[in-house]
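Got the viewer open? Let's walk through this one stop by stop, with something to select at each.

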Amino acid sequence: MTAFTPVSECWICGGTALTRVHDASFELAEYRTQDPELAAYSGSTVAIVRCAACGFAQPAQLPALSRYFERLYDQRWSRDWIEREHEATYKDLIFADVIRELGTRVQKPHPRLLDIGSHAGRFLVLARRAGWDVAGLELNPSTAAFALAASGAPIHHGSIDAFEAEREPFDAVTMTDVLEHVPEPRAILRKARALLAPHGWLAVKVPNAPAQRLKESARARLRQAYRPTLADNLVHVNHFCPTSLRAALAREGFEQIVISAGAPELPPNGTLATLADRAARLAAFRAARLLPGGLHTPLAFNLQAYARRS
Ligand SMILES: [Zn+2]
């Protein structure tokens with residue numbers, strides 16, 4: 001027996017005019033042995049609804065199962081897979097953008113950076129190489145242990161709710177592909193703000209939901225068996241657009257907010273098909289970032305925000 005709890009107000013602005021945009025399905029059979037209560041949600045669906053006031057989209061209801069999201073992210077990844085994730089370069093363009101942009105904003109010796117959701121620790125290694133004194137926060141025990149060993153940086157294992165900074169506040173906090181996964185995202189922004197020094201900078205990268213939705217439905221029209229999957233299992237629980245991301249940051253006390261098209265993930269070079277895929281992703285990103293109004297076109301598949309603590 002699976003239960004859900006309704007969500008009746010927009011998590012960003014409190015709006016209650018919420019309209020269904022699509023459905024999320026649950027397919028959790030892989031957890032059958034590890035977590036039967038979680039696996040029991042397989043076959044359910046939940047509507048994803050958009051707020052008329054701010055454009056943010058979120059689930060109309062959440063699984064009532066205690067610690068649903070922590071249990072969902074308790075994947076038992078192999079050490080080989082995590083090592084490959086640490087070595088993989090597919091996010092390096094995103095990481096380079098974040099390091100460059102924070103570098104122009106934070107100018108002091110030995111600046112301190114906290115990466116929330118540090119995964120296998122690749123970003124921490126790159127940021128340290130660029131002169132940052134780095135620390136990480138990671139929910140998954142296996143990736144947290146690997147990131148610690150690989151980067152030598154302090155990695156705090158656990159959720160952000162329980163995290164307390166042991167030393168002075170951070171000059172920068174980064175969240176790359178994290179904010180879309182945590183229900184009630186303003187709470188994590190509030191926490192990030194509390195961890196920052198006055199005038200410290202936050203860097204947030206999330207998918208741009210309207211553009212991703214268009215891409216997914218175009219794909220679905222091309223391939224009959226394909227259905228949109230971004231929201232399935234509520235892996236993406238928050239669906240930001242530029243307006244709602246700005247609103248979330250402003251309401252949590254951030255200023256000097258700049259939102260631009262976010263850099264894409266790039267598949268490794270190899271075949272002609274991946275070469276073409278890389279070229280298409282780069283062309284869309286450059287157009288969305290450089291053309292006036294490009295952020296509000298379907299070419300902006302990702303959003304990159306920088307915002308200062310007031
Ligand atoms: Zn709203």
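**Stop 1: the zinc ion**

Select the zinc ion together with Cys10, Cys13, Cys51 and Cys54: their SG atoms are its protein donors, and they lie 2.3 to 2.4 Å from it. Keep in mind as you go that you're looking at a predicted model.

Now turn the view around the metal. What arrangement do the four donor atoms make? It's tetrahedral, because the angles they subtend around the zinc ion run from 99 to 117°. For comparison, the ideal angle for four tetrahedral donors is 109.5 degrees.

Look at the sequence next, where the donor residues follow the spacing C-x2-C-x37-C-x2-C. Cys13 and Cys51 are a pair that links distant parts of the chain, 38 residues apart. Cys13 sits in the loop between β1 (4–6) and β2 (18–25), while Cys51 belongs to strand β3 (residues 45–51).

Switch on a surface and check those two. Is Cys51 buried or exposed? Cys51 counts as buried, because its relative accessibility is 2%. Cys13 has 22%, so it counts as partly exposed.

**Stop 2: strand β7 and its neighbours**

Select residues 133–138 to bring up strand β7, which is mostly covered, with five of its six residues buried. On one side, add strand β6 (residues 112–116): five bridges join it to β7, and the two run parallel. To line them up, pick Asp115, which stands opposite Gly136 in β7. Then trace the chain from β6 through helix α5 (residues 122–129) to β7; this β-α-β crossover is right-handed.

Next comes strand β8 (residues 155–157), joined to β7 by three bridges and also running parallel to it. Here, the facing residues to pick are Leu137 and His156, the latter in β8. Following the chain from β7 to β8 takes you through helix α6 (residues 141–151), in a β-α-β crossover that is right-handed.

**Stop 3: a pocket beside β7**

Stay around here and show the second largest pocket, whose volume is about 160 Å³. Which element gives the largest share of its lining? That's β7, with three residues. Other names to click on in the lining include Arg112, Pro154, His156, Phe163, Arg167 and Phe170.

**Stop 4: strand β10**

Move along to residues 196–207, strand β10. Because 10 of its 12 residues are buried, β10 is largely enclosed by the rest of the structure. Strand β9 (residues 170–176) pairs with β10 in the parallel sense over six bridges, and Thr176 stands opposite Lys205 in β10. The chain gets from β9 to β10 by way of helix α7 (residues 185–195), and this β-α-β crossover is right-handed.

Now add strand β12 (residues 302–309). In which sense do β10 and β12 pair? The answer is antiparallel, over seven bridges. Pro207 facing Asn302 in β12 is a handy place to see it.

**Stop 5: two positive phi angles**

Without leaving β10, select His199, which is found in this strand. Its phi is positive, about 65°, although His199 is not a glycine. His199 counts as partly exposed because its relative accessibility is 46%.

Finish at Leu234, in the loop between α8 (209–222) and α9 (242–251). Leu234 has a positive phi of about 60° and isn't a glycine either. With a relative accessible area of 0%, Leu234 is buried, so hide the surface to see it.

Methods
Residues are numbered from 1 along each chain as its sequence is written. This is a predicted model: local features need pLDDT of at least 70, side-chain atom pairs count only at pLDDT 80 or more; totals for chains, interfaces and linings use all residues. Side-chain values use heavy atoms; hydrogens and water are left out. Buried means under 20% relative accessible area, exposed over 50%, partly exposed in between (1.4 Å probe, protein chains only). Helices (H or I, at least four residues) and strands (E, at least two) are DSSP runs, numbered from the N terminus. Two strands pair if DSSP finds at least two bridges between them. A crossover is right-handed if, with the strands pointing away from the viewer, the path from the first strand over the helix to the second runs clockwise. Donors are N, O and S atoms within 2.8 Å of the metal (3.2 Å for Na, K and Ca); water is not among the atoms, so sites may look incomplete. Four donors count as tetrahedral if all angles lie between 85 and 135 degrees; four count as square planar and six as octahedral if opposite donors are over 155 degrees apart and all others between 65 and 115; anything else is irregular. On a 1 Å grid over the protein atoms alone, a cavity is a set of points where a 1.4 Å probe fits but cannot get out, and a pocket is an open set with protein on both sides within 12 Å along at least five of seven lines; lining residues have an atom within 4 Å of a point. Grid points are joined across faces, edges and corners, and a volume is the space filled by probe spheres set on the points.
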